[in-house]
Amino acid sequence: MSSIEVNFDGLVGQTHHYAGLSIGNHASLYNRNGLSNPKKAVLQGLKKMKILLNQGFVQGIVPPQPRPNVNALRALGFSGTNEQLLRYVGKTSPLLLSAFSSASSMWTANAATVSPSADSRDGKVHFTVANLNSKLHRSFEVLTTSSILRAIFNNRNYFCHHNALPQQSDFGDEGGANHNRLCKQYDTQGIQLFVYGRKAFGNGIVPQRYPARQTLEASEAVSRLHQLNPQYTIFVQQNPVAIDSGVFHNDVISVSNQYLLFHHQYAFLNQKSVLKQLFDKSALLELPFINIEVPESEVTMQDAITSYLFNSQILTKSDGKMLIVVPEECRRCKNVWRYLNNLIEHISCPINEIQVFNLRESMQNGGGPACLRLRVVLNKDEFSAVNSGCILTDYRYKQLIKWVEKHYRDRLHSNDLVDPQLLNEVYQALDELTQLLMLGSIYDFQQ
Ligand code: SUG
C-alpha cells in the first residue's frame, strides 16, 4: 500500500472547560459548569497518540487555538486592557466569555473535510475548512484552523486549501465528522459518502428537537471544490430521529475505514437505499465493501450515544486486519461490550482487536476518539511534503509532555476564565508550542 491514513489529533487547549454550549449534544449539556482538568485532558489525548504510534501508526498533531479569544471580543465592542475586558465580560456575560474561551478546536474531525489525491481530478489533496456556523463558540475556529492547516500542509504541488463556505446556516458545514470514504486501498479511487442533516432549499424531513448542523448544499459545495467524480460521490441524509436523540454529528452513529462501514441500524434515512448505492458503486470499483450494521435489538441508539461506540477509530494494521479504538465508556456499557467482543470473534469481520482509551475529559463535552482526529490519506510524496514538526515521534512526545507539565492547570471552572494570568499562560505556552511543532507564527498574537 503506497498511501497511508494519518490521523491528526487536536491537542486539548489550556481553557478546556464545561460550558454547556452545544444544544443537541447531551454530554455538553449535562456536564455544564462541571470542574475540568485541562492537564489530564491533554495527557489523555497524548496517551492515545503515543500508544498508536508505538504500534506503528503515523500520528499527526494539531495545536490548540488561543483562548479566551480577546480579539473577537474586541470586535464586539468590548474594550480596555485584557484584564479589564475579561473581568467586564465575565461579570456581564459569563456565557459569552465561555463561548469565546472554548477549547473546542481539539475536535479536529470538525476542522475540515479532506479528500485524498486519488479521488480528485487534479490529483491533489483537498482541504475545505469547516465553517462550523451552527455553534457560536465553534464558528470562531475557522481562520486559525485555516492558518494551521496551511502551515502543516504547506506545499502547493500537493495540497489545495479552500476557504470555509459562506458563514450562513444554509451552508452549515461540520467537516470530516459528516464525511466517510470507502476504498479498496487508501491510494485507489474511493467512494466519498457525505452525510447531511437537512436540505437548506426545497422540502424534506428535518429533525424536530435539535438542529441539523450540516446541509446538503454545503456537502455538495465541498464535493465540487474537491473536484470529486460525481459517479463515486454519494449524498445521504442522517436519520432525523438520530439527531433528535442526540447524534449531532454522523461520526456518533457511523464510521468507515477502507472497505468497511460500521454503523447503527438507524444511522441513515432510507438506510436500505443508502446501502444499495454503496454496494452498487463498490461493484463498479471492484471494492470488497463490507457493511456491519449494528441492530437496535443488540445496541440501542441510547447505548450508542452514551458509549460512543461509533465514534471509534478503525485502523488498518500492518497485517491488513483492523483495530477498533474505543473510549472506556464502551467497556462500561454491557450491551456494547458484549457486542464488540462477539464481533471480533467473527471470522468474516476484518476487525480483530479492540483497544480501550480513557478520554473522559473530552467525552464529557461529547468528543470521543474519532472527534479528536482529522483523517488525512497521503501517498509517500505527499507525506514527505507535510511539515515534519507536526508528526509525532518519541522525542516530540517527550517534549510535549514537558510542555504540558510546565503550562497546564489541573483544574478549571468557567469562573476562572476572567483571570488575566490564564491568558498570559496561554500565549506563552502556544508561542513555545509553535516552535516545538515548527509551525512559525500562526496566531494573531504572534503577529
Ligand atoms: O461541537 N462539543 C463539541 C463536540 C464535537 C465532537 N466532534 C465530533 N463528533 N466530531 C460540539 O458539540 C461542547 C463545548 C462545551 O459545552 O463546553 C462542544 O463544543
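This report describes the ligand site, ring pairs, salt bridges, backbone features and a surface patch of one protein structure. The structure is a predicted model.

## The ligand site

The ligand is surrounded by 20 residues, and those that come nearest are Leu 21, Ser 22, Ser 28, His 137 and Asp 251. Oxygen atoms of the ligand take part in several short contacts with the protein. In the case of Ser 22, a polar side-chain atom lies 2.8 Å from an oxygen atom of the ligand. Arg 213 also uses its side chain, with an N or O atom 2.9 Å from a ligand oxygen. Ala 19, in turn, contributes a backbone N or O atom, which lies 3.0 Å from an oxygen atom of the ligand. On its own, the ligand has 500 Å² of accessible area, and the protein covers 100% of this area.

## Salt bridges

Side chains of opposite charge can pair when their charged atoms come close. In the whole structure, 13 salt bridges are found. The table gives three of them, with the distance between the closest N and O atoms.

| Basic residue | Acidic residue | Closest N and O atoms |
|---|---|---|
| Arg 213 | Glu 174 | 3.2 Å |
| Lys 276 | Asp 280 | 2.7 Å |
| Arg 409 | Glu 425 | 3.0 Å |

Arg 213, whose side chain also has an N or O atom 2.9 Å from a ligand oxygen, forms its salt bridge with Glu 174. This pair links distant parts of the chain, as the two residues are 39 residues apart. Arg 213 belongs to the loop between strand 7 (191-196) and helix 8 (216-225), while Glu 174 belongs to the loop between strand 5 (159-162) and strand 6 (179-182). Both residues of the pair, Arg 213 and Glu 174, are buried.

The pair of Lys 276 and Asp 280 lies within a single element, helix 10 (residues 271-285). Its two members are 4 residues apart, which is about one turn of the helix. Asp 280 counts as partly exposed because its relative accessible area is 39%, between the limits of 20% and 50%.

Where do Arg 409 and Glu 425 lie? Arg 409 is in the loop between helix 16 (394-407) and helix 17 (420-436), and Glu 425 is in helix 17, so their salt bridge ties together parts that are 16 residues apart in sequence. Glu 425 has a relative accessible area of 17% and is therefore buried, the limit being under 20%. Arg 409 and Glu 425 also belong to a network of salt bridges that includes Asp 419.

## Aromatic rings

A pair of aromatic rings is described by the distance of the centres and the angle of the planes. The structure contains 13 aromatic pairs. One of them joins Phe 262 and Phe 310, with 5.0 Å from centre to centre and 45 degrees between the planes, and this arrangement is tilted. The two residues are 48 residues apart and link distant parts of the chain. Phe 262 is in strand 10 (residues 260-264), and Phe 310 is in the loop between helix 11 (301-307) and strand 12 (313-316). Are these two rings buried or exposed? Phe 262 is buried, because its relative accessible area is 0%. Phe 310 is buried as well, with a relative accessible area of 0%.

Elsewhere, ring pairs link Phe 8, Phe 127, Phe 153, Tyr 158 and Phe 159 into a cluster.

## Backbone features

Most residues other than glycine have a negative phi, and most peptide bonds are trans. Three places in this model depart from these patterns in the following ways.

The peptide bond from Arg 67 to Pro 68 is cis, and its omega is near -5 degrees. Pro 68 is located in the loop between strand 2 (59-62) and helix 3 (70-74).

Gln 258 is not a glycine, yet its phi is positive, near 50 degrees. This residue lies in the loop between strand 9 (254-257) and strand 10. Gln 258 is buried, since its relative accessible area is 5%.

Glu 286 likewise has a positive phi, of about 50 degrees, without being a glycine. The loop that holds Glu 286 runs between helix 10 and strand 11 (290-294). With a relative accessibility of 61%, Glu 286 counts as exposed.

## A nonpolar surface patch

On the surface, Ile 23, Leu 29 and Tyr 30 form a nonpolar patch, and together they have about 330 Å² of accessible area. Tyr 30 is part of helix 1 (residues 26-30). The relative accessibility of Tyr 30 is 64%, so this residue counts as exposed.

Notes. Residues are numbered from 1 along each chain as its sequence is written. This is a predicted model: local features need pLDDT of at least 70, side-chain atom pairs count only at pLDDT 80 or more; totals for chains, interfaces and linings use all residues. Side-chain values use heavy atoms; hydrogens and water are left out. Patches are made of residues with over 30% relative accessible area and no salt bridge: like charges are joined within 9 Å, nonpolar side chains (Val, Leu, Ile, Met, Phe, Trp, Tyr) within 5 Å. Accessible areas come from the Shrake-Rupley method with a 1.4 Å probe; for residues, only the protein chains shown count as cover. A salt bridge is a side-chain nitrogen of Lys or Arg within 4 Å of a carboxyl oxygen of Asp or Glu. Buried means under 20% relative accessible area, exposed over 50%, partly exposed in between (1.4 Å probe, protein chains only). A residue is near a molecule or strand if one of its heavy atoms lies within 4 Å of it. A polar contact is a pair of N or O atoms within 3.5 Å; within protein, one must be able to donate a hydrogen and the other to accept it, and residues adjacent in sequence count only if both atoms are side-chain atoms. Rings of Phe, Tyr and Trp (its six-membered ring) pair if their centres lie within 6.5 Å; planes under 30 degrees apart count as stacked, over 60 as edge-to-face and the rest as tilted.
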